[in-house]
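User: Hi! I am new to reading protein models and would like a close look at a single part.

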Amino acid sequence: MKAFYNLRIAAKLLISFIAVLALTVFVGVFSVVQLAQVNQMSTDITTNWMPATRAVLEMKGLMSRYRAQELQHILSSTDSELAGYEKSMADTWNELQKSRSLYEKLISEPEEKQIFPEYTKALGQYAQEHDKVIALSRAQKNEEATALVRGESLRVNRELTQMLDKLGAVNEAGATKASDLAGAVYADARICVIGILLCSVALGLVLALWIARIVAKPLSEAVKVAQSVAAGDLTSR
């Protein structure tokens, strides 16, 4: 403290300004870091959780369409109708595989890594049952094809639906967690930034008053000495 009093006015002012500027820089750096975290979480929601959830919903929708096309194929009686549904099923299956491949690139959670291979395996089993159904339908063995659709094919389809529901729940939970975490980071950062700004203002005021007092007191004494000398008193120091 005494060393600070003994400094020149310029040095005192410089130290005070540096202290305030250091706090200002800290606020800026802290804010940028916190904003980067919020941005990262927002990016995760946009580039991972939402696309993964959309891919799961697309797979569910395409699977339902594929199954409906199978039933329509069984109900068809002409070659042109059969060929038309076979083409539609091929297109739907290709879209399903694209959605599956897209989702595979977005897998990040341990539960997803466990479920997805099982889903892929079950999807292959469904494809095998599908080939049997179409072969029976082509041979106009509609009753046998219908029985197969309602039997093993239905069982595998339900397994696929359950696994897709689980995958959708995982991604929904991930998106919710990321959103909640981003909100918490924002709230904490907001409180910290406001607190640091208030401290900076308080420190600035304290330093300003302190330096003003340090500078004003010697000047006031000097004025008194000058007034004494002007009055003819040469004993003042």
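User: At what angle do the axes of helix α4 and helix α5 cross, and within what distance do they come?

Analyst: Happy to help! This is a predicted model, where local features need pLDDT of at least 70 and side-chain atom pairs count only at pLDDT 80 or more, while totals for chains, interfaces and linings use all residues. Residues are numbered from 1 along each chain as its sequence is written, and side-chain values use heavy atoms, leaving out hydrogens and water.

The axes of α4 (residues 110–138) and α5 (residues 142–150) cross at roughly 160° and come within 8 Å. Helices here are DSSP runs (H or I, at least four residues), numbered from the N terminus. Axes are lines fitted to C-alpha atoms, for helices over the stretch in contact, with angles from 0 to 180 degrees between N-to-C directions. The crossing makes α4 roughly antiparallel to α5 (an angle over 145 degrees). Contact means heavy atoms within 4.5 Å; α4 contributes Glu129, Lys132, Val133, Leu136 and Ser137, and α5 contributes Asn142, Glu144, Ala145, Leu148 and Val149.

Helix α4 also packs against α3, at an angle of about 175° with the axes 13 Å apart. That makes α3 roughly antiparallel to α4. Among the residues in this contact are Leu82, Met89, Trp93 and Leu96 of α3, and Phe116, Leu123 and Ile134 of α4. Within α3, the buried residues (under 20% relative accessible area, 1.4 Å probe, protein chains only) include Leu82, Met89, Trp93 and Leu96.

Conventions. Helix = DSSP H or I, 4+ residues; strand = E, 2+ residues; numbered from the N terminus. Parallel < 35°, antiparallel > 145°, perpendicular 65-115°, else oblique. Buried < 20%, exposed > 50% of the residue type's maximum accessible area, 1.4 Å probe, protein only.
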